[in-house]
Amino acid sequence: MLRCCMFLVALVLVAFTTLDARADRRVALVIGNSEYREIPALKNPDKDAEDVSKTFRLAGFEVFAAKDLTRLQFEERFRNYLAAADGADLAVVYYSGHGFQIGGENFLIPVDASLKDAADMEVQAIKVDDILRQLRSRSKVQMIILDACRNNPFPRKDYWLRDQLIVAGGSGLAQVTGSQNTLIAFATEPGAVAYDGSGDLSPFSSSFSRRALAPNQEIRSVMAAVRRDVVKATNGKQVPWENSSLIDDVVLMRGAEQPAPPPLDAQQNQQVTERGIQVADAAEAIGSRDIRVPVGVGPVPLKLDLPAKDASISLKLASYPATGTLSLPDRVLSPQSSLMAAEVDNLRYEPQIGSAAPVEVGFEIRVGNAAKQATVKLSPDVDPCDQAAGEPLDLQGVVSGRLPNEIGGGAVETCEAAVKSYPDIARFRYELGRVLLASGRIDEARQAIQEAADRGHIRALFALGSIASSGTAVDTSKANGLYSTAADKGDPYAMAAWGRALFNGLGVERDTGKGLDLLLQAAAMGHVDAMKELALIFQEGRNGVPADPARALAFLRAGMERQDVYSMGILGLPPKWSTQTVAVCKPKVVTKVVTKVKVVRTPAPPPPNTPKAPLAPIEPAPWRGNGGDHSDQPSRNTGDSTSGSADL
């Protein structure tokens, strides 16, 4: 009788899981900015972000949660999020904090923004269109939800936007149109102000967190319910708004994951309880395990090997990992998930990119009235190939990266092992190409980079363009085609290279506006070569773009903040060593730019080879097959590689 009952349960479970034979990848970035440094703090965004993060985690999303981000912190968190969102079914960005519009463009404001000068908006704020553009290139469906429609609190009102000064909007955000399968939601209608409300949460975030957890509700129905709640809570003063081009239904909170086992009679319950106690005792071994899980290779089977597969044994997640996602082949698990004993062998974990801290997952193992707790420790593990040859600003990478001159030739075997272990991960083939290049094995490097590009690694396309534009057989048309393709996919290096070609008409018909836009987009992602190029354009005034030394200075200072040695050299500063702290108030006189530098601590004397470059373009070095000709540079630059076409 008991065996028959268990067999029926298994059949029901199989029938249910075949209805949804795949686990969708859904990723959310949730930001709450409250503690602003130059303007009064906001009351609710940090609490809004915490509440909304819980909502998305309960709905089975991988959640990147952050509070009070500076501009540099946002760049880092956003790059990690984009790496996780690559190929996702649904990518969401939820932001609560200050935001306003300029010339129809919406900007989100980091907590360290001062916005005192006309050029500050470009280097200190975050353009919503840049976020949306990156999401479009990586995910099937995109959602941006903004609880940021507040009055502009900064005294200055006019800022540079591309090639002209624009007056900032007085209040609210501008309407945004998305491409196919995009939803953009605002806490209030365009040009209007959103309210903080009287509680710990804003009316909009409070309603969204509650409504989004309604099972099997399509997102447009959820947003309609949120609109009704907020209109009622604010007596009609605030009306949430959204633009939707969704063609697919989007359900945040799905229904029950599996049916519960049928009830057992007294005899069955006694037998199962006895067996369950034995199983729970055996499961104590799980609690002593520390499982190392590689980062950036997808969900990894945990192989917990529960001693019994009895269909009457159930497991509930008593505690969910603080970061990353647990899943089965057919579904992503949430903090409230349950699973059967037969499913434990298929349990998988995917660490969150950028998070190195160990996490724990707790199970409550139950049979009948008997229950026991077990805890497993999961430790994210970055592959040695990533550590040896990951590249800066690689949006499909998992580390901050190394410059070409920092790659050791001994890493060839390490990356060959990674390619062998993970043949489907294109990133490792690209990193192998970088290592081979550093070892002088140029032909092998080209082959590895081409294989990476063929498998979908975007940075490899840029590298192939660099190869095509250098050496004795220069093919500018091929290089520009590769740059254009990679730029469309959001790669900062390619955006800078393609933008420079368009702006200056290098092998292509000049398009100053598009070229300037691409350079600004690359700079917004932290690419310091783009910042230097923009500094030169604004210093001289070129192709109809007006000269503005203060604007040029803003981009040089942005490069300096990202530890770019050439920006420091142009400003007359030594590289920032670990033993010194340099605080820049106003820059010093350098090449027609009047500045004033305040040194808080006396820096160590720079080495003789510290560059002091003039305010002039840094031309590409010939492609030498060794990562460039700056191997003597001691400084770190997490936002760039060495200059020129040797950047691989």
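In the predicted model, E218 and R220 are paired through a salt bridge, with their closest N and O atoms 3.1 Å apart. The two partners fall into separate accessibility classes: E218 has a relative accessible area of 13% and is therefore buried, whereas R220, at 31%, is partly exposed. This pair belongs to a set of 33 salt bridges in the structure. Side chains of opposite charge can pair when their charged atoms come close.

A further salt bridge is formed by R331 and E343, for which the closest N and O atoms lie 3.2 Å apart. This pair links distant parts of the chain, 12 residues apart: R331 is located in strand β15 (residues 331–332), and E343 in the loop between β16 (338–340) and β17 (348–350). With a relative accessible area of 8%, R331 is buried. E343 is likewise classed as buried, its relative accessible area being 9%.

Salt bridges also occur as a connected group. R71, E75, R79, E561 and R562 are linked with one another in a network of such interactions.

Helix α9 takes part in two side-chain links described here, one ionic and one covalent. In the ionic link, D386 meets R427 in a salt bridge with an N to O distance of 2.8 Å. The pair connects distant parts of the chain, since D386 belongs to helix α9 and R427 to helix α11 (residues 426–438), 41 residues apart. Both side chains are withdrawn from the surface by the accessibility criterion, under which residues below 20% count as buried: D386 has a relative accessible area of 1%, and R427 has one of 5%.

The covalent link is the one disulfide that the structure holds. It joins C385 to C415, with an S to S distance of 2.1 Å. The torsion about the S-S bond is about 100°, and the disulfide is therefore right-handed. C385 lies in helix α9 (residues 384–389) and C415 in helix α10 (residues 412–421), so that the bond links distant parts of the chain, 30 residues apart. C385 is buried, with a relative accessible area of 0%, and C415 is also buried at 0%.

Nonpolar side chains are gathered into cores. The largest nonpolar core comprises 108 residues, of which Y81, I102, I109, I131, I144 and F555 touch the most other members. Helix α15 (residues 492–504) gives the most to this core, contributing nine residues. The surroundings of F555 were examined with neighbours within four places in sequence left aside; its contacts are then E122, V123, L520, A523, M531, L534, A535 and F538. Another core, of 44 residues, lies apart from the largest one and includes I291, Y349, V376 and C385. Through C385, this second core contains one of the two cysteines of the disulfide.

A polar interaction is found at S207, a residue of helix α6 (residues 203–211). S207 is buried, with a relative accessible area of 2%. The side chain of S207 makes a polar contact with the side chain of D229 at a distance of 2.7 Å. When residues up to four places away in sequence are not counted, S207 touches A225, V226, D229 and V230.

Terms used. Residues are numbered from 1 along each chain as its sequence is written. This is a predicted model: local features need pLDDT of at least 70, side-chain atom pairs count only at pLDDT 80 or more; totals for chains, interfaces and linings use all residues. Side-chain values use heavy atoms; hydrogens and water are left out. A disulfide is a pair of cysteine sulfur atoms within 2.5 Å. Helices (H or I, at least four residues) and strands (E, at least two) are DSSP runs, numbered from the N terminus. Buried means under 20% relative accessible area, exposed over 50%, partly exposed in between (1.4 Å probe, protein chains only). A salt bridge is a side-chain nitrogen of Lys or Arg within 4 Å of a carboxyl oxygen of Asp or Glu. A polar contact is a pair of N or O atoms within 3.5 Å; within protein, one must be able to donate a hydrogen and the other to accept it, and residues adjacent in sequence count only if both atoms are side-chain atoms. Contact means heavy atoms within 4.5 Å. A nonpolar core is a set of buried Ala, Val, Leu, Ile, Met, Phe, Trp, Tyr and Cys residues joined through side-chain atoms within 4.5 Å.
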